Amino acid sequence: MMRRACLVFSLVISTCSLAKPFNVVTGIDRPPYSIQNARLGFEIELLNAVLDKLVEDHEFVIAPYGRSIKILDVKNIDAMTTASISIYHDSGKLSLPYIQYQNVAVTLKSADLKLESINDLGRFSIATFLNAKTILGDTFNQAVSKSSQYTELSDQSLQLHMLRKNKV
């Protein structure tokens, strides 16, 4: 399944005064897309290049993804990265997708697991990204609801740690 990442811009950029920076909410680390403490990553660098051409001054505001939807309505916030239409329903504020993700199920080769379809996931312990049940849709949601252990993690590096420890 494709997960579309969208940038949410306020409807009128011209309302930002030159004295006030254009504030973009971005989530926690998602290497290689964003590495917050270093202000690096594909997505951050792409947005820097675009915003350098559109506004005089801009800043990134780091917020956990679960809070970023509400933060967009704060007066001094002008845009937000990685918004999915399945989460953020105000489609009048969504741009066209500028990054597409290919979501995959990853297993250890030594486990010799065979996955033929999404429905096969229900037989296993699963760790996913935050809000995966909402973003990946009904088929995914129904499959993982059969799992004996399902967890959503905001820090995706923990998924790999759990995989290496044979916990998922």
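**Strand β2, residue T128 and the D112–K114 pair**

In β4, M80 is the bridge partner of V25. The structure described here is a predicted model. Strand β4 spans residues 79–83 and pairs with β2 in the parallel sense, over two bridges. A parallel pairing also joins β2 to strand β3, which covers residues 58–62, and this pairing runs over five bridges. Within β3, the residue opposite V24 is F60.

Strand β2 itself comprises residues 22–26 and is mostly covered, with five of its five residues buried. The side on which each residue lies alternates along the strand: F22, V24 and T26 point one way, whereas N23 and V25 point the other way. Residues of both sets are buried. Thus V24, which stands opposite F60 of β3, and V25, which has M80 of β4 as its bridge partner, point in opposite ways from β2.

A further buried position was examined in strand β6, where T128 is located. T128 counts as buried because its relative accessibility is 8%, below the 20% cut-off. The side chain of T128 forms a polar contact with the side chain of Y150, at 3.0 Å. Y150 also appears among the residues that T128 touches, a set made up of F140, Y150, T151, E152, L153 and Q159 when residues up to four places away in sequence are not counted.

Two residues other than glycine were found with positive phi values. For N131, phi is near 70°, and this residue lies in the loop between β6 and α3, the latter formed by residues 132–135. For D112, phi is near 50°. D112 is found in the loop that runs between β5 (94–102) and β6 (126–129). With a relative accessible area of 53%, D112 lies over the 50% cut-off and is therefore classed as exposed.

D112 also takes part in a salt bridge. Side chains of opposite charge can pair when their charged atoms come close. The side chain of D112 meets that of K114 in such a bridge, with an N to O distance of 3.3 Å. K114 is exposed, as is D112. The structure holds one salt bridge. The D112 position thus combines a positive phi, a place in the loop between β5 and β6 and a salt bridge with K114, whereas T128 in β6 is buried and has a side-chain polar contact with Y150.

Methods
Residues numbered from 1 in each chain as written. Predicted model: local features only at pLDDT ≥ 70, side-chain atom pairs only at ≥ 80, totals over all residues. Heavy atoms only, no water. Buried < 20%, exposed > 50% of the residue type's maximum accessible area, 1.4 Å probe, protein only. Helix = DSSP H or I, 4+ residues; strand = E, 2+ residues; numbered from the N terminus. Pairing = 2+ DSSP bridges. Polar contact = N/O pair within 3.5 Å; in protein donor to acceptor, adjacent residues only side chain to side chain. Contact = heavy atoms within 4.5 Å. Salt bridge = Lys/Arg side-chain N within 4 Å of Asp/Glu carboxyl O.
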